[in-house]
Amino acid sequence: MQVRVFFEKLDDELNKVNRFFKTKESEFVERGELLNKQLQILGDLKGVLSDRRRKNLAGKGGAAASGFVSRSDSDFSEDCRSEHCESPSDSQTDDAVSVEKRGINSVNSPRRSKSRKGKPKTAAAMRIDIPATTPARTIAAVTSMLWEDLVNNPKKGGGGDDVNRKKIQCAEKMIRGAFVELYRGLGLLKTYSSLNMIAFTKILKKFDKVSNQQASASYLKVVKRSDFISSNKVVKLMDEVETLFTQHFANNERKKAMKFLRPTHHKESHMVTFFVGISTGSFVTLFILYAILAHLSRMFSPATKQSYMETIYPVFSIFALLSLHLFMYGCNLFMWKSTRINYNFIFEFQPSNALKYRDAFLICTSLMTAVFGAMVIHLILLSKGIFSRQVDFIPGILLLCSVLILICPLNIFYRPTRYCFLRVIRNIVCSPFYKVLMVDFFMADQLTSQIPLLRHMESIACYFISGSFKTHRYQTCKSGKLYGELAYVISFAPYFWRAMQCARRWFDEGNPDHVANLGKYVSAMVAAGARLTYTRQPSQLWMVIVIVTSLVATVYQLYWDFVKDWGLFDRKSKNLFLRDDLVLKNKGIYYISIALNFVLRLVWVETVIGLNIGMLETSMLEFFLASLEVIRRGHWNYYRLENEHLNNVGKFRAVKTVPLPFREMDSD
């Protein structure tokens with residue numbers, strides 16, 4: 001009886017594996033056929049552009065046509081959001097073929113392809129859809145859409161913008177990226193097949209051992225005849241992709257093609273761990289040395305406290321909060337890796353150059369070592385009266401060096417990560433003109449927790465620009481009207497950027513949840529403005545406004561944290577107040593995290609209480625509360641990505657869906 005039940009369950013699992021494999025196999029085969037058609041259209045268009053360019057040059061009596069096809073084939077720019085995909089300039093209209101309205105271009109070509117029904121169809125019946133990922137294309141798309149709505153008479157022929165080399169290059173990059181993702185998906189499906197074969201083999205061997213029967217050989221024959229083992233479509237399609245990719249995107253260099261199709265993963269070096277230890281030891285030593293020197297020199301005595309704190313505190317706070325955030329991110333990376341959360345796929349990072357948790361720890365400890373080294377030097381020179389006029393340049397020099405390292409074009413100090421960070425910041429600041437990716441709004445959420453850091457940057461900028469470091473008149477900035485108005489702008493900016501990202505996502509996807517999310521950031525913006533006004537104009541009316549707006553914003557944020565971002569409080573879940581799928585085995589951790597997030601969301605209460613303490617104590621309290629918000633954000637990060645990962649797993653998303661540039665006109 002038990003044997004029969006065992007084989008019935010094994011049959012169910014075998015059928016489940018077969019069904020999943022056949023479904024994914026048919027999806028990949030269909031995708032491969034579609035990419036073949038896209039590649040043929042691309043080849044036709046490149047040929048047309050090359051012929052027309054040759055004719056134009058011949059008509060002008062110029063030299064031979066330039067090798068556009070070979071040049072574009074060897075262009076391996078990673079990001080289709082680069083300047084190669086920007087709108088064309090007027091000087092390139094000679095390369096144009098034709099255009100259609102709304103920024104979606106139809107291409108008139110004498111060459112012929114075939115439609116789905118097998119009938120010949122000219123390339124004039126095809127459209128080029130380039131995603132509106134850059135400001136130029138976003139503005140053009142919105143303007144065209146509004147113009148069509150107003151005129152209500154869209155053109156069906158030519159006219160408008162022109163298709164040129166840059167648009168074809170962008171289309172080529174999109175197709176290339178689609179081939180890379182197809183190959184990656186096929187590799188995962190092949191791995192799925194081999195792992196399940198190993199699983200069935202081990203299960204049957206274990207059954208033979210326990211039951212003293214020899215049933216594995218006969219059942220394994222059934223398994224080997226199953227589709228997920230016997231089908232060779234996946235292997236054939238992988239070979240076809242390799243051949244096509246090598247031919248069209250790597251100039252027939254297989255080694256170059258394999259770098260894209262099978263990127264090598266760099267092994268983690270223990271040298272990084274060694275340097276983390278060295279940096280941590282140096283940081284702790286310098287911190288203890290600084291504390292001793294500050295005590296001996298009586299730098300925090302009432303006579304010198306204000307001058308010293310106004311000089312050092314903003315710079316120290318910037319680097320300390322940044323380092324704490326990096327440390328929390330390193331902890332996130334460690335936990336994501338330990339619990340097998342595929343953060344590289346979620347953020348669309350390249351595994352070969354993505355930041356590892358050891359790297360994050362090395363950056364934050366090295367940064368704090370440099371900061372405390374500079375503070376020790378500054379303290380020694382200040383207490384000894386050496387270079388008394390120039391000593392206050394040291395914090396500015398430290399900031400300047402940090403900025404120069406951040407923008408350094410040399411391939412040192414984690415250049416891919418630095419440039420990725422700068423690109424994401426650009427996308428955030430230019431919201432909603434850039435298409436919003438997961439990494440963009442994730443980073444924007446981090447900025448909403450670093451408003452104190454941005455305020456300190458404002459203080460330092462005013463400190464050096466106004467020359468206060470020479471005159472030591474620290475009220476010059478704080479009493480200025482512009483400084484006060486900028487404080488509101490800086491407090492609003494992260495919430496505004498995040499709200500604009502929600503608006504862009506609603507525009508792209510049409511999901512009303514994004515509008516509700518926008519409301520959350522608007523409420524946070526109103527609460528932040530009320531608290532800032534209350535600190536400057538303390539009155540009963542403003543205190544009531546602060547309490548009401550902050551309570552509304554806090555309830556809104558807590559609901560979104562727990563229900564939308566973390567996916568908890570599912571009423572139908574088998575786990576009380578949680579969800580069905582949990583990555584962490586200990587449920588108690590989730591309940592503790594809910595309580596911790598609830599408490600840390602209420603740190604604004606200190607603004608209402610308004611403790612009457614000294615300047616040093618006030619600065620330390622502000623830094624402590626800002627640190628708590630950074631810790632809350634790092635804690636929030638783990639569960640946000642855990643929920644995203646579980647959604648991907650539940651929907652079997654393991655490869656990116658790359659949009660394709662060409663589609664038929666009659667498919668609209």
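## Nonpolar surface patch

Helix H13 (393-407) and helix H14 (415-429) each contribute at least two residues to a nonpolar patch; helices here are DSSP runs (H or I) of at least four residues, numbered from the N terminus. The patch covers about 590 Å² of surface and is built from Leu400, Val403, Leu404, Ile407, Tyr419, Phe421 and Leu422. Such patches take residues with over 30% relative accessible area and no salt bridge, and join nonpolar side chains (Val, Leu, Ile, Met, Phe, Trp, Tyr) within 5 Å. H13 gives the largest share, four residues. Leu404 lies in H13 and is partly exposed, at 47% relative accessible area. Buried means under 20% relative accessible area, exposed over 50%, and partly exposed in between (1.4 Å probe, protein chains only).

## Model and confidence

This is a predicted model in which local features need pLDDT of at least 70 and side-chain atom pairs count only at pLDDT 80 or more, while totals for chains, interfaces and linings use all residues. Residues are numbered from 1 along each chain as its sequence is written, and side-chain values use heavy atoms, with hydrogens and water left out.

The chain has a mean pLDDT (the predictor's confidence in each residue, from 0 to 100) of 83, and 83% of its residues reach 70 or more. The pLDDT is below 50 over residues 63-84, a stretch that has 57 contacts in the model beyond near neighbours in sequence. Residues 153-161 also have pLDDT below 50, with 16 contacts counted in that way. A contact means heavy atoms within 4.5 Å.

## Leu182 in helix H4

Leu182 belongs to helix H4 (residues 165-211) and is buried, at 3% relative accessibility. Leaving aside neighbours within four places in sequence, Leu182 contacts Phe28, Arg31, Gly32, Leu35 and Val241. The C-alpha atoms of Leu182 and Val655 are 7.9 Å apart, although 473 residues separate the two in sequence.

## Helices H9 and H24

Helix H9 (residues 270-296) has 27 residues and runs 39 Å from first to last C-alpha, close to the expected 39 Å. The expected span is 1.5 Å times one less than the number of residues. Buried positions in H9 are Val272, Val276, Ser279, Leu286, Tyr290 and Ala294. Their cover includes helix H10 (305-338) and helix H12 (357-384). Arg298, just after H9, has a positive phi of about 50°.

Helix H24 (residues 615-650) has 36 residues; its end C-alpha atoms are 53 Å apart, in agreement with the 52 Å expected. Just after H24, Phe652 has a positive phi of about 55°.

## Salt bridges

The whole structure holds 19 salt bridges, each a side-chain nitrogen of Lys or Arg within 4 Å of a carboxyl oxygen of Asp or Glu. One of them pairs Lys22 with Asp227, with the closest N and O atoms 3.6 Å apart. This pair connects helix H1 (residues 2-59) to helix H6 (residues 227-230) across 205 residues. Lys22 is partly exposed at 44%, and Asp227 is partly exposed at 31%.

Glu242 and Arg254 form another salt bridge, at 3.0 Å from N to O. Here Glu242 is buried at 6%, whereas Arg254 is partly exposed at 46%. Asp561 and Arg601 meet at 2.9 Å, N to O, and link helix H21 (residues 540-565) to the loop between helix H22 (587-600) and helix H23 (605-609). Both Asp561 and Arg601 are buried. Through shared partners, salt bridges join Asp561, Arg601, Glu629 and Arg632 into one network.

Note on methods. Patch = residues over 30% accessible without salt bridge, like charges linked within 9 Å, V, L, I, M, F, W, Y side chains within 5 Å. Areas by Shrake-Rupley, 256 points an atom, 1.4 Å probe, with all protein chains shown as cover.
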